[in-house]
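Here is a briefing on one protein chain. Look through the sequence and the structure before reading on.

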Amino acid sequence: MIPMTNDPTISRRRVVDPRTGSTLIRLQRSEHHVSRVLSEVLSCEIAACVALCVHDGQRSLGGMMSVLLPARSQDAMVSAACERYGVHVLERLFIDLERAGGRRTRLEARLYGGAERDPADLSAGPRTVALIERVLEEWGIVISEQDTGGLNVRRVQFSPVTGRARVSVLDEVRADQILLQEVRRAPVLMHGPSGTIEVYE
């Protein structure tokens, strides 16, 4: 059993179904979890955020993360910092996958979300999708399934062991709640002492 994420907030969002014995692990913006436990199902509800699900079929393990780039800026330094942040968040997932025994050469990915519904920047979701697509291509990882863009707010449930994902569309009441949660968890841009710009969660 390898649950790789040690974030206590994620541990508090574990829900056990007494009928099936399965454990639902809910993820929020910028969080990830890696597992090879058959009874675990990784879940997130996403609007502009993008859910990246990755699976290594040979080792029967996988992981999920939810990520969203900060709002677009005309400042080139801010844009560069936001892209570095996005790549850094992705790397955290893949480092944990490799620690658990996964190999990038064997991984396949599924991509969901990225709706044009961020109140601060309607391009945030599509820009995040584009960044993930580019990074995965550079790393040689194939996207086997993709449901991104549009206006739908989605619930994604992913089995890291089997690699199977189930996606459903949420109603507008729940969609508004998810949008508010994503805004509240937005990263903060800060100016460093040497004039650099960094993004902090």
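The points below cover the cores, the salt bridges, the strands, the helices and one histidine.

The model is predicted. Its largest nonpolar core has 24 residues. The salt bridges number 14. Strand 7, helix 3 and strand 8 form a right-handed β-α-β unit.

**Nonpolar cores**

- In the largest core, the residues with the most contacts inside it are Leu52, Leu93, Phe94, Leu97 and Ile132.
- At least two residues of this core come from each of strand 5 (50-56), strand 6 (61-67), helix 2 (76-99), strand 7 (107-113) and helix 3 (124-138).
- Helix 2 gives the largest share, with six residues.
- Another core lies apart from this one and has 15 residues. Ile25, Ala51, Met64 and Phe158 are among them.
- Leu93 has contacts beyond its neighbours within four places in sequence. These partners are His32, His33, Val34, Leu52, Val54, Gly63, Met64 and Met65.

**Salt bridges**

- Asp56 and Arg106 pair through their side chains, at 2.9 Å from N to O. Asp56 sits in strand 5 and Arg106 in the loop between helix 2 and strand 7, so this bridge ties together parts that are 50 residues apart in sequence.
- The two partners differ in burial. Asp56 has 0% relative accessibility, so it counts as buried. Arg106 has a relative accessible area of 28% and is partly exposed.
- Arg117 and Glu172 form a salt bridge at 3.0 Å, N to O. Arg117 is in the loop between strand 7 and helix 3, while Glu172 is in helix 4 (residues 172-184). The pair links distant parts of the chain, 55 residues apart.
- Arg117 is buried, with a relative accessibility of 16%. Glu172 is partly exposed, at 47%.
- Asp121 and Arg127 also meet in a salt bridge, with an N to O distance of 2.8 Å. Asp121 is buried at 10% relative accessibility.
- Arg13, Glu31 and Arg185 belong to one network, joined by salt bridges that share partners.

**Strand pairing**

- Strand 1 (residues 14-16) and strand 2 (residues 23-26) run antiparallel and are joined by three bridges. Arg14 has Ile25 of strand 2 as its bridge partner.
- These two strands make a hairpin, with six residues between them. In the turn, Gly21 has a positive phi of about 80°.
- Strand 2 also pairs with strand 4 (residues 40-46), in the parallel sense and over four bridges. Here Arg26 is partnered by Ser43 of strand 4.
- Strand 7 and strand 8 (residues 142-148) run parallel, with six bridges joining them. Leu111 stands opposite Gln146 of strand 8.
- Helix 3 belongs with strands 7 and 8 in the right-handed β-α-β unit.

**Helix 2**

- Does the length of this helix fit its residue count, and what span should be expected at 1.5 Å a residue? The 24 residues of helix 2 should span 34 Å, and its end C-alpha atoms are 35 Å apart, so the two values agree.
- The buried residues of helix 2 are Val78, Ala81, Cys82, Tyr85, Gly86, Val89, Leu90, Leu93, Phe94, Asp96 and Leu97.
- An α-helix has 3.6 residues a turn, so residues three or four places apart point the same way. Read the buried list with that spacing in mind.
- Gly101 comes just after helix 2 and takes a positive phi of about 110°.

**His55**

- Is His55 buried or exposed? With 8% relative accessibility, His55 is buried.
- His55 is found in strand 5.
- Which residues does His55 touch, not counting those up to four places away in sequence? They are Leu61, Gly62, Arg106, Leu107, Glu108, Phe158, Pro160, Val161, Thr162 and Gly163.
- Phe158 is 103 residues from His55 along the chain, yet their C-alpha atoms are separated by 9.8 Å.
- Two of these partners appear above: Arg106 touches His55 and forms the salt bridge with Asp56, while Phe158 touches His55 and is among the residues of the 15-residue core.

Terms used. Residues are numbered from 1 along each chain as its sequence is written. This is a predicted model: local features need pLDDT of at least 70, side-chain atom pairs count only at pLDDT 80 or more; totals for chains, interfaces and linings use all residues. Side-chain values use heavy atoms; hydrogens and water are left out. A nonpolar core is a set of buried Ala, Val, Leu, Ile, Met, Phe, Trp, Tyr and Cys residues joined through side-chain atoms within 4.5 Å. Buried means under 20% relative accessible area, exposed over 50%, partly exposed in between (1.4 Å probe, protein chains only). Contact means heavy atoms within 4.5 Å. A salt bridge is a side-chain nitrogen of Lys or Arg within 4 Å of a carboxyl oxygen of Asp or Glu. Two strands pair if DSSP finds at least two bridges between them. The expected span of a helix is 1.5 Å times one less than its number of residues. A crossover is right-handed if, with the strands pointing away from the viewer, the path from the first strand over the helix to the second runs clockwise.
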